[in-house]
Amino acid sequence: MKKDRTKRYLAYGAGILVFCALFALNDARHVMAAKARGDAQKQAASGEENGGDSPSKSGKSAPRAAATKPASDKELEKFSRFFLPPIKLEQATIGEAVAAILAAYRETAAATGETALDLRVDLRAAQTGKPITCTTPRAPAGSVLRYVAALAGNRSKGSLPNFRLEALSNKPDRSGRMEVPPGWEFQLADFLATGRKASEARLGEDPFAHQLQETSATGDPSSATPQPKVELRDLLVSLGFNPALACDSSGLTGVAYENMSEAELEWLGALVETSTRGGLGPVQIKTHTKVLMVPDSLADLLNSGDAFNDGQVQLMMRKFASTQGVDLMTLPAITSRESQIGTVEIVNEGLTPEGEETWTGVRMATTAVPYGLGSQVEFAFKSRGKIGAAETQVREQVTLPENGNGMAIAPMEGGQKLVVLQGNTLIDATGRPIGPPP
């Protein structure tokens, strides 16, 4: 009997252990499932905060850009004057237009030796149905983004490097006044005219032929054409503003408007910002040029078309100064508007033994446009040492970093080479550098 009771107790104990194990296993399954649900919720919340993927209304996952850290004061300052080249858009969606702007920004930064920011543009709240056909103006990157966003009926918001576009109303129910520079309608007309022919740094087939044309065109003050009258309303309606629009720019403090929609008001603001170059105003380019005659052995270490920053040029000039057989001439600095051709001439005119007109000295023609924080430049140089001698000519196109210098090299008689170093500095209408001085 005692043995039977022992067996029954052992069986009861084993059953209890099995039951407890099954209960614990089932409880563990619930705990693990709850933990998995919690992890999934945390991951989804993290994805929303960081701009990760989230399900759309259609049930598909829509990509969302991860947020990046705010830009520093230095990055903000640089971005405000970082010029993009013109971008041609043909029936582009706002997504395609933004992608083209970001690609142009990265390409421009790489070409001028700048570190591009990781720009993000959120289009989830944007109006996407209006196609965009235009050539964007040569202007700071932030202004170009606002300009394209406004063309599609959106407002650009956010802080660098994170932007977002928000759709605006097209109901013409706005009236008020917007501050603009005095005579802005003339500036807008010029901006629209030059925008249709994207300005580039091009001298043309004969870099020096324009001098005679400019002289003959401006030599007689009486031949000046009076500036045509510009009606701001007509300009805006031709761009696509609604025909019921009423506006008056005759006052000195801005533009009064009626029957303007929220989207058109943003478009007007974008036109003001872009035409004034993001508040920088008219951009001028100050050009300084050094001309050297160097031995072949030294010139073989240099390459025509190379670009240098200001520190590299200073080191190069120190090396040239300590080398025998190097002659240096510094040409006068010139200032011209972007894409305008500037010239320098230091010549003596005379006659050949046969009685033909000739010259000795140097001539230079140059033109440049803002590009990134630097510029794109084309310059041509020719010289003649004595009457009857052959001309030495050199011509080059270079993309320059901020306050950078471009180099052109040509062979000369007597075993020397001509080296032309040309540098550009962007300046405002008062003559002050737009960025840090060289």
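The dialogue that follows goes through several features of a predicted protein model.

Biologist: Before we turn to single residues, how many helices and strands does the protein have, and what share of its residues counts as buried?

Modeller: The model is a predicted one, and in it the protein has 10 helices and 21 strands. Of its 438 residues, 40% count as buried, while the accessible surface comes to about 24500 Å², with 54% of that area belonging to carbon and sulfur atoms.

Biologist: Among contacts between residues at least 6 apart in sequence, what percentage joins residues at least 24 apart?

Modeller: That percentage is 68%. Particular pairs can illustrate such separations along the chain. Methionine 178, for example, is found in strand β10, residues 174-178, and its C-alpha atom is separated by 8.8 Å from that of leucine 268, although the two residues are 90 apart along the chain. Glycine 204, in the loop between α5 (184-196) and α6 (210-218), has its C-alpha 9.8 Å from the C-alpha of glutamate 378, with their positions 174 residues apart in sequence.

Biologist: Are methionine 178 and glycine 204 buried or partly exposed?

Modeller: The general idea is that a residue counts as buried when its relative accessible area is under 20%, and as exposed when that area is over 50%. Methionine 178 has 17% relative accessibility and therefore counts as buried, whereas glycine 204, at 39%, counts as partly exposed.

Biologist: How should I read the crossing angle of helices α3 and α4?

Modeller: An angle over 145 degrees counts as roughly antiparallel. The axes of α3 (residues 94-111) and α4 (residues 141-151) come within 10 Å and cross at roughly 170 degrees, so these two helices are roughly antiparallel to each other. On the α3 side the contact is made by Ile94, Ala97, Val98 and Ile101, and on the α4 side by Val144, Leu145, Val148 and Ala149. By class, this contact has eight nonpolar residues, with no polar and no charged ones.

Biologist: Which residues does valine 420 touch, leaving out those up to four places away in sequence?

Modeller: Valine 420 lies in strand β21, residues 416-427, and is buried, with a relative accessible area of 0%. With those sequence neighbours left out, valine 420 touches Thr289, Lys290, Phe379, Phe381, Val394, Gly406, Met407 and Ala408. A C-alpha distance can also be given for another pair: valine 420 and methionine 329 are 9.7 Å apart in space and 91 residues apart in sequence.

Biologist: What should I look for in the backbone angles?

Modeller: The general expectation is that most residues other than glycine have a negative phi, and that most peptide bonds are trans. Against that background, glutamine 91 has a positive phi, near 50 degrees; this residue is found in strand β4, residues 88-92, and is exposed, with a relative accessible area of 55%. Serine 339 likewise has a positive phi, near 65 degrees, but is found in the loop between β15 and β16, where it counts as partly exposed at 31% relative accessibility.

Biologist: Where is there a cis peptide bond?

Modeller: The bond from leucine 160 to proline 161 is cis, with omega near 5 degrees. Proline 161 is found in the loop between β8 (154-159) and β9 (162-167).

Biologist: What side-chain contact does glutamate 338 make with arginine 277?

Modeller: A pair of N or O atoms must be within 3.5 Å to count as a polar contact. The side chains of glutamate 338 and arginine 277 are joined by a polar contact of 2.7 Å. Glutamate 338 lies in the loop between β15 (327-337) and β16 (342-351), and is buried, with a relative accessible area of 12%.

Biologist: Which backbone atom lies 2.8 Å from a polar atom of the side chain of asparagine 403?

Modeller: The backbone oxygen of proline 436 lies at that distance from the asparagine 403 side chain. Asparagine 403 is itself found in the loop between β19 (392-400) and β20 (405-411), and is buried, with a relative accessible area of 12%.

Notes. Residues are numbered from 1 along each chain as its sequence is written. This is a predicted model: local features need pLDDT of at least 70, side-chain atom pairs count only at pLDDT 80 or more; totals for chains, interfaces and linings use all residues. Side-chain values use heavy atoms; hydrogens and water are left out. Helices (H or I, at least four residues) and strands (E, at least two) are DSSP runs, numbered from the N terminus. Buried means under 20% relative accessible area, exposed over 50%, partly exposed in between (1.4 Å probe, protein chains only). Contact means heavy atoms within 4.5 Å. Accessible areas come from the Shrake-Rupley method with a 1.4 Å probe; for residues, only the protein chains shown count as cover. Axes are lines fitted to C-alpha atoms, for helices over the stretch in contact, and angles run from 0 to 180 degrees between N-to-C directions. Angles under 35 degrees count as roughly parallel, over 145 as roughly antiparallel, 65 to 115 as roughly perpendicular and the rest as oblique. Ala, Val, Leu, Ile, Met, Phe, Trp, Tyr, Cys and Pro count as nonpolar, Asp, Glu, Lys and Arg as charged, and the others, Gly among them, as polar. A polar contact is a pair of N or O atoms within 3.5 Å; within protein, one must be able to donate a hydrogen and the other to accept it, and residues adjacent in sequence count only if both atoms are side-chain atoms.
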